[in-house]
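Biologist: I would like to go through this model step by step. Please keep the answers short and give the reasoning each time.

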Amino acid sequence: AVVSTQSTGVSGGFIWYVIPWSGEVIHNISLYDVHDRATIFLDSYPVGTIDRRNQANGTIDVGSRPAATAEIRVLVESLGRVNHGRYMGSDYKGITQKILVNGQPIHYAQVWVLGLTGKERLPKLISEKQPPVILPALF
């Protein structure tokens with residue numbers, strides 16, 4: 001269930017883990033070996049963040065949320081690369097060990113990767129011919 005960005009052929013950017021959940025109440029979600037920052041969503045609402053700079057492993061207590069059916073989403077952001085020392089070349093991004101819900105390992109997750117590997121892949125945001133457009137954002 002756990003996939004790094006490198007195993008998908010992408011070296012950096014964002015990776016979504018989408019876990020469908022049904023059955024028991026969700027009390028906590030644990031992530032092991034997060035690279036670099038993970039934001040956890042339960043039914044599209046953010047419930048917590050685990051950041052490698054503070055602690056690579058962590059548990060988010062979500063209270064006692066009823067979960068006849070729920071969707072757990074974890075968005076992991078790559079914050080760059082190690083460029084010296086023993087971790088150079090092995091700084092994988094994503095969740096590189098495991099995901100637990102209520103202490104039980106997750107064996108299935110849909111994985112979506114948004115690779116950002118260079119400025120040539122990003123669209124030109126401002127054009128002289130067309131000024132930027134400002135629209136309201138709905139969340």
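Modeller: One term is needed at the start: contact means heavy atoms within 4.5 Å. The model is a predicted one.

Biologist: Which residues does Asp36 touch, not counting residues up to four places away in sequence?

Modeller: Asp36 belongs to the loop between β2 (26-35) and β3. Leaving out residues up to four places away in sequence, the list of residues that Asp36 touches is Ile50, Asp51, Arg52, Val76, Glu77, Ser78, Leu79, Gly80 and Lys93.

Biologist: Is Asp36 buried or exposed?

Modeller: Buried means under 20% relative accessible area. The relative accessible area of Asp36 is 7%, so Asp36 is buried.

Biologist: Which side chain joins that of Asp36 in a polar contact of 2.8 Å?

Modeller: The side chain of Asp36 has a polar atom 2.6 Å from the backbone nitrogen of Leu79, but that partner is a backbone atom. The contact of 2.8 Å is between side chains, and the partner of Asp36 there is Lys93.

Biologist: Is the peptide bond from His35 to Asp36 cis or trans?

Modeller: Most peptide bonds are trans. Between His35 and Asp36, omega is near 20°, and the bond is cis.

Biologist: What is phi of Asp43, a residue other than glycine?

Modeller: Most residues other than glycine have a negative phi. Asp33, in strand β2, has a positive phi near 65°. Asp43 lies in the loop between β3 and β4 (45-51) and is partly exposed, with a relative accessible area of 37%. Phi of Asp43 is also positive, near 50°.

Biologist: How many helices and how many strands are in the protein chain?

Modeller: From the N terminus on, the elements run β-β-β-β-β-β-β-β-β. The count for the protein chain is therefore zero helices and nine strands.

Biologist: What is the order of the strands in the open sheet of five strands?

Modeller: Strand β1 (residues 13-22) is joined to strand β6 (residues 69-77) by nine bridges, and to strand β9 (residues 110-115) by six. Strands β3 and β6 are joined by six bridges. These pairs run antiparallel, and the order of the sheet is β4-β3-β6-β1-β9.

Biologist: Which strands stand at the edges of this sheet?

Modeller: The sheet is open, with the order β4-β3-β6-β1-β9. A strand at the edge has a single partner strand, so one side of that strand is left without a neighbour in the sheet. The edge strands are β4 and β9.

Biologist: By how many degrees are neighbouring strands of the sheet turned against each other on average?

Modeller: The five strands pair in an antiparallel way. With direction ignored, the average turn between neighbouring strands is 20°.

Biologist: Which residue is the bridge partner of Tyr17 in β6?

Modeller: Two strands, β9 and β6, are joined to β1 by bridges. In β9, Tyr17 stands opposite Val111. In β6, the bridge partner of Tyr17 is Val74.

Biologist: Which residue in β6 does Leu42 stand opposite?

Modeller: Strands β3 and β6 run antiparallel and are joined by six bridges. Opposite Leu42, the residue in β6 is Ile72.

Biologist: Which residues form the aromatic pair of the structure, and is the pair stacked or tilted?

Modeller: The structure holds one aromatic pair. Its centres are 5.7 Å apart, with 45° between the planes. Planes under 30 degrees apart count as stacked and over 60 as edge-to-face, so neither word applies to this pair. The pair is Trp16 and Phe41, and it is tilted.

Biologist: Which of the two rings belongs to a buried residue?

Modeller: Trp16 is in strand β1 and Phe41 in strand β3 (residues 37-42), 25 residues apart. Trp16, at 27% relative accessibility, counts as partly exposed. With a relative accessible area of 16%, the buried residue is Phe41.

Biologist: Which residue has its charged end over the ring of Trp16?

Modeller: Lys98 lies over the face of another ring, that of Tyr32, at 4.9 Å from the ring centre. Over the ring of Trp16, at 5.5 Å from its centre, sits the charged end of Arg73.

Key: Residues numbered from 1 in each chain as written. Predicted model: local features only at pLDDT ≥ 70, side-chain atom pairs only at ≥ 80, totals over all residues. Heavy atoms only, no water. Phe/Tyr/Trp six-rings, centres within 6.5 Å; stacked < 30°, edge-to-face > 60°. Helix = DSSP H or I, 4+ residues; strand = E, 2+ residues; numbered from the N terminus. Buried < 20%, exposed > 50% of the residue type's maximum accessible area, 1.4 Å probe, protein only. Lys NZ or Arg CZ within 6 Å of the ring centre and 35° of its normal. Pairing = 2+ DSSP bridges. Polar contact = N/O pair within 3.5 Å; in protein donor to acceptor, adjacent residues only side chain to side chain. Axes fitted to C-alpha atoms, helices over the stretch in contact; angles between N-to-C directions.
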